[in-house]
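Subject: Structure for you to look at

Hello,

Here is the structure I said I would pass on. My notes follow below it.

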Amino acid sequence: MIQSLLIANRGEIACRIIRTARAMGVRTVAVYSDADARALHVRQADEAVHIGPSPARESYLVGEKIIAAAKATGAEAIHPGYGFLSENADFAEAVIAAGLVWVGPRPDSIRAMGLKDAAKERMIAAGVPVTPGYLGEDQDPAHLEAEADQIGYPVLIKAVAGGGGKGMRRVDAADDFADALASCKREAASSFGDDRVLIEKYILSPRHIEVQVFGDSHGNVVHLFERDCSLQRRHQKVIEEAPAPGMDAKTREAICAAAVRAARAVDYVGAGTIEFIADASEGLRADRIWFMEMNTRLQVEHPVTEEITGQDLVEWQLRVASGEPLPKRQGELAIDGWAMEARLYAEDPAKGFLPSIGTLEIFRPHSDVRLETGVYEGAEISPFYDPMIAKIVVHEETRDEACEALARACASTDIYPVKTNAPFLWRALDDPDFRAGQIDTGFIAARGEALLPPAEPTEDMVRQAAAAILVQEYYGEPTMLSFWDEDLLSSPQPNPWRGALGFRLNAPANRKVAVNVEGKLHVTELPVDWQSASVVGEPLSDGVAVNDDGLSFLASLPRASGSTGAAAGDGAILAPMPGRVTAVEVISGETVTKGQRLVTLEAMKMEHSLTAPFDGTVAELNVAAGSQVSEGTLLVKVEKSD
C-alpha cells in the first residue's frame, strides 16, 4: 500500500483526497501557489511545497515542479485530482518515469480517450453507439462550416481536447457559425493548448447521463451505476444526482454494460466516467442514448455515487494504484437511496453570473449535509482559479426527500460579501418540473430570469433586514434606532439606552424605519413582532449580513454621507473583475451598435464578452489582446451617437 502521497491539485478535491488518505494512514504532501499560501489544503496536509506564482500555467500546470516536490518530500505517489494535469498523458508518463506511482489510468488509456474524435472512432469499433457528427482532421473553417451545414443545425462545436464545459459552443444557424468557431478555438487554445474541434449534432431534448466505471490491473472492470448531470448552465454542471430520474432497470443495464465495454476497449485501470447523451423526448430508452466522451479521472460529482453505493472512490483509487484488486465485484454493488449534489460557485446571478472575488467574512454552510470545500471563513476567493466554493451533498431515501434537503441546505447557506449562486440553486431545486424529474440540459436556459434572485431587494427583504439589524443593535451597542417596548424591558440583556423612536403620545407607535440595504436607502414599516425576527443577521463592522433563501445582503443604519459616481450608461466599459483580455473586436473611432461585442475578458477559466451599451463611437480604447487588467479598469469608452 502507498505510504506517502503528493496531491497535484488544490481546493476542495485536494482536501477530499487528504481526508481519505489520512483515514488510511497515508502521509500527504500538498503543493501550492502564491495565491494559495493560506489555503485549507495546505493547512490540512502533513507537508506543503510552494511551486510558483498564482497563475496555474506557472504553478499547478508545471509538471516538472510537481515531480520535483514529490521527490524532495519523499512522496511515493502522485494523485492528480481532477482538472489541471489529471488527463495529461505526458505528465502521467513523466511521473512513472521518475519512479513514482501514478494514481490514475495508464498514459495510453488517457491518450486513447483524451481526444474526442479518436475516442469516438474507438467506441464505434467496440460497438458503443455514438452521436452523429464530424471527427475529421481537416480544421479549415470553411470545411468545418460545410460539415456543420451537412449535419444540420443546431450543432455543437467541441474542443477535441476539451472538458469541464470549456471549449464548447452551440450554434443554431449558419450565420452564427464563424463567430462561434473562432470563440471556441480561442478558448480551447487558452485552456488546453489545442484549438482543434469536432462537430456534433445537437440533441434538442438532451439528458446528460454518465456511468462511473472502475478497473484494476488484474483485468477486472465494474460500473457503479449512473449519474444524471443534466442541470447545466453554459455546459457547466450545476446539480448532479444519482440514480438518474426515469431510468428503468432495462435501460440501466444497457447503458452500464456499454460503459464497461468502453472501459475494456482501452484496457482501463482506475476511476473513469463514460459520458452519454440521451434524447429524452420519449423518456430514457437504450436506443436513444449515445456515447459522448470519457473522462479519465475522478469526477467532480463523484460524491453522489459514493453516497448511493457506500463506497469511497478515493480509497479505491489508492488501492488500485497500489496493485490491489477492486474492493468489490459487480454483484456486490447496489443502489441505496438517492443522492444529490449542488455546486456552490462564487458568482453573482444578478450580474450575469460574473465571478465574485474577495474575503469570505462569513462562511456558514448548512450543517446537516456532506460538504466538500477547500475554503474557510476568512479565506480569500481569488481570480486565478475555478470559482467553486463548495459542493453540497445530500443522501436521502427518495428523490423528493433529497430535493427538499438540498433546497433547504442551499437556502440556509450564509456567505458574505462574496456573491454566490445559492439563491439560484434554491430556485432551481424548488422548480415544480425539477421536482417532477422533467429535466434536460436546456432546463436552466429555458427558464431564463425565473431562476434568478431579485436584482433589487423586495419589500419583504427590506423588512427582514431592518428587523435583523434592530434585533442585533438592541442586544449590542446603543443605537439611534430603538423602540420602547415593555416586553423588551424584561430581556436578560437589555440595551442600556432606551430610545423613544417610534413612540407617539396618544397615538399608535410609528414603526416606520429607514435602513440601508446594499447601499440603498429604504423606508419600511416593521411588523409588531419585529423583535422576534426569524431571519438572523451576522454582525459585521459596517452592518448586519442577512440571508434570505440563500441571498446574502448587507443591512446597516443610515449614515449622512455625500458621494458621487459615474452616471449609469455613460459609455465607460469597466473590467468587472481582474482578468486577461483575449480579444479586442473594435478600433478607436469605430462606429458601434448597441449589443456589439467590444472586448472579451478571460477570468476564472471563463470568457466574458463586454458589449456596447448603446449606438455610438469608440472614443477611447485602452487595452490590447493579451493585456492583464484589474477590476474597475477602463477598457473602452463609447460616446453616444447624436
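Over how many bridges do strand β12 (residues 236–242) and β15 pair, and in which sense, parallel or antiparallel? The two strands are joined by four bridges and pair in the antiparallel sense. One position to look at is Glu240, which has Glu341 of β15 opposite. Please note that this is a predicted model.

The pair belongs to an open sheet of eight strands, in the order β14-β13-β10-β11-β12-β15-β22-β20, with antiparallel pairing. At the edges are β14 (289–295) and β20, each of which pairs on one side only. On average, neighbouring strands of this sheet are turned by 25° against each other, direction ignored. Strands of a sheet pair through backbone hydrogen bonds.

Most of my notes concern β22. Strand β15 (residues 338–345) runs antiparallel to β22, and eight bridges join the two. Within that pairing, Ala342 has Ile392 as its bridge partner in β22. Strand β20 (residues 370–373) is also antiparallel to β22 and is joined to β22 by four bridges. Here Arg370 stands opposite Val393 of β22.

Is β22 enclosed or open to the outside, and why? Of the nine residues in strand β22 (residues 388–396), seven are buried, so the strand is largely enclosed by the rest of the structure. Buried here means under 20% relative accessible area.

Helix α1 (residues 11–23) lies across β20 and β22. The helix runs at about 120° to β20.

Regards

Methods:
Residues numbered from 1 in each chain as written. Predicted model: local features only at pLDDT ≥ 70, side-chain atom pairs only at ≥ 80, totals over all residues. Heavy atoms only, no water. Buried < 20%, exposed > 50% of the residue type's maximum accessible area, 1.4 Å probe, protein only. Pairing = 2+ DSSP bridges. Axes fitted to C-alpha atoms, helices over the stretch in contact; angles between N-to-C directions. Contact = heavy atoms within 4.5 Å.
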